[in-house]
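User: I would like a close look at one part of this structure and then at what surrounds it. Please start with a single residue and work outwards.

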Amino acid sequence: MTAVAGRVAVVTGGASGIGRGIAEALLEAGATVVIADIQPDALAAAAAELGVTGVQVDVTDAGSVEALRDAVLAEHGRVDIVCLNAGIGPAGLMRDLTRADWEWILGVNLWGVINGVQAFLPVLESNADGGHIEITGSMSSFVSMPTIGSYTVTKFGAVAIAETLAIELADAGSEVHVSLLAPGPVRTNIGASSRNRPDSLRGGLADVDVASGIASGMRWIDPITAGRITVRAIEANDLYVPTHPELWAPIEARHEAIRAAYAKYPIWDES
Amino acid sequence: MTAVGGRVAVVTGGASGIGRGIAEALRDAGAQVVIADIEQDALDAVAAELGVAGVQVDVSRLESVQALADTVLDRFGRVDIVVNNAGVGPLGYIRDLTVEDWRWLVDVNLFGVVHGIAVFLPILEANPDGGHIMNTASQAAFAPLESMGAYSATKFAVAATTEVLAAELASAGSKVTATLLAPGPVLTNIGTSSRNRPDGEVGGLQDAVLAETMDTSDWLRPEEVGRIAVRAIESDDWLAPTHPQYVAQARERFDRITAAYGKYPWIREEPTT
């Protein structure tokens, strides 16, 4: 049980989409919230609307994430809940991806998580009552789909980090807990990820409208709903936090395919 | 069905461990094999021992992998099978890792595979009869273990890379196929990974003390993994686990994920006020 009321929470990617939904839900639950984002205009607007502090951050840069941590500590004296949520979701076939594509998406989605854990874990562990790290993965943390290969790579990496960290913290008797949010379709602006793409990292990845593509026919939820699910998971210290339990079938199909491969490969008979 | 006899195969990390085992098995199955490795001494020795070609490569650098492809094309005129196998496996608790630790593992284990695909996939697709890409992940791609966070993150990532690649190639009707190799414990020198760490880097990752301290009764030898790999390439299997008895680890994790999906009921849209 992680208390949310009265705690200090930081949300990266907090100026829009799921991050903003998480920030709103944390506010509802009584937390003091700092939103961090790379887009200064959206950050200022969202911070004013929500009545919270906004800090600009580039999660791809370890130094920038450390500066975020220091800014929050300077203003609030502590950090209890860290939501490593900033992410992008462009699409492209594996065969079309360039080194620059991989650097862009790994930089935001995977290094954003790594830099966040590196910067904030020691602070949370130094709290007498611990804290919580939320990592925004995806349904794509559990299942792979064509056209979003590099995105899937980053979200598989995120779940591996979340799980290993959870195991290590539990074994050490730490009071810091970890949740991996696994959203299905949420009404966000992730389909306009390229607005924040550095000019130096252009390539084959492109913005895509998944509502008319791989996520057509799926149930779409609002960011606040994803945020409330996240807050419930933080309070309950749940590791895996799916927003769309009904999308279980493709995950089960992948697990079955893996089990079938294991069954097909008998123990090697040395002869 | 991918033919191996008479085909040209490139194996990264081929001078030791699983890569050497795969190179040996491919050679025994009649392939022309090129081993590629960052360690020049080991490369020269193993190339001579196996009677195959050796090319130095640093898989963490795109230009180096491109140069490997150019060399192989110059000497053999074609490439049919690519095994993106080079990898490192040091251990460290996430709380002890530095950004440099993460960078090293991501550069070798993930970018090594990304570079292999970026450089070799167009070459394989240009073959009238296609080809095969095998990427070496790990049992840890399906169930992460304590002190293997950074390693598991890269191996989960390699699993995703290979699964999506295989699906995209299949839906495009490509004659190139892909396999994810998922080794359990194998008697290799991955426990001395730091020998190839870039000079001057420091962090919390330590070489794993493996065979010296553990029950190795079900550990495989690299040549056994090599034969599993060749069978998987010939069969175009998307996943080749070397230790089927370890399915329990994956199954337990899958059950935990299943339970989480069962625990979270549908939450209906609610007004925000």
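Analyst: A:Ala249 counts as exposed, because its relative accessibility is 54% and the cut-off for exposed is over 50%. This is a predicted model, and the values below are computed from it. A:Ala249 is found in helix H7 of chain A, which covers residues 248–264. In sequence A:Ala249 is 106 residues away from A:Val143, yet their C-alpha atoms are 10.0 Å apart in space.

The helix that holds A:Ala249 also contains a charged pair. A:Glu256 forms a salt bridge with A:Arg259, and the closest N and O atoms are 2.4 Å apart. The two residues are three apart in helix H7 of chain A, so about one helical turn separates them. The partners differ in exposure class: A:Glu256 is partly exposed because its relative accessibility is 40%, whereas A:Arg259 is buried because its value is 10%. In general, side chains of opposite charge can pair when their charged atoms come close.

Other salt bridges can be followed in the same way. The whole structure has 31 of them over all chains. In chain A, a network of salt bridges links A:Arg7, A:Arg78, A:Asp80 and A:Asp129. In chain B, the side chains of B:Glu49 and B:Arg20 meet in a salt bridge with an N to O distance of 2.8 Å. B:Glu49 lies in helix H2 (residues 40–50) and B:Arg20 in helix H1 of chain B, so this pair ties together parts that are 29 residues apart in sequence. B:Glu49 counts as exposed, at 54% relative accessibility, while B:Arg20 is partly exposed, at 22%.

A further salt bridge joins the side chains of B:Arg221 and B:Glu223, at 3.1 Å from N to O. B:Arg221 is partly exposed with a relative accessible area of 36%, and B:Glu223 is partly exposed at 30%.

Helix H6 of chain B runs over residues 222–235. With 14 residues at 1.5 Å a residue, H6(B) should span 20 Å, and its end C-alpha atoms are 20 Å apart, which agrees. Several of its residues are buried, including B:Pro222, B:Glu224, B:Val225, B:Gly226 and B:Ile228. The cover over the buried residues of H6(B) includes helix H1 and strands E4, E5, E6 and E7 of chain B. Just after H6(B), B:Asp236 takes a positive phi of about 55°.

The last part is the interface between the two chains. The contact takes 75 residues from chain B and 74 residues from chain A. Together the chains bury about 6,800 Å², of which 63% is on carbon and sulfur atoms. On the side of chain B, B:Ile94, B:Tyr261 and B:Tyr264 supply 13% of the area buried against chain A, more than any other three residues.

Between chain B and chain A there are six salt bridges. One links the side chains of A:Arg95 and B:Glu125, at 2.5 Å from N to O. Across this interface, 16 residue pairs are in polar contact. The elements that give two or more residues to the side of chain B touching chain A include H4, H5 and H6 of chain B. H5(B) gives the most, with 13 residues. By class, that side of chain B has 43 nonpolar, 14 polar and 18 charged residues.

How values were computed
Residues are numbered from 1 along each chain as its sequence is written. Chains are lettered from A and ligands numbered from 1 in the order in which they are written. This is a predicted model: local features need pLDDT of at least 70, side-chain atom pairs count only at pLDDT 80 or more; totals for chains, interfaces and linings use all residues. Side-chain values use heavy atoms; hydrogens and water are left out. Contact means heavy atoms within 4.5 Å. Buried area is the accessible area (1.4 Å probe) that two parts lose on being put together, summed over both. A salt bridge is a side-chain nitrogen of Lys or Arg within 4 Å of a carboxyl oxygen of Asp or Glu. A polar contact is a pair of N or O atoms within 3.5 Å; within protein, one must be able to donate a hydrogen and the other to accept it, and residues adjacent in sequence count only if both atoms are side-chain atoms. Helices (H or I, at least four residues) and strands (E, at least two) are DSSP runs, numbered from the N terminus. Ala, Val, Leu, Ile, Met, Phe, Trp, Tyr, Cys and Pro count as nonpolar, Asp, Glu, Lys and Arg as charged, and the others, Gly among them, as polar. The expected span of a helix is 1.5 Å times one less than its number of residues. Buried means under 20% relative accessible area, exposed over 50%, partly exposed in between (1.4 Å probe, protein chains only).
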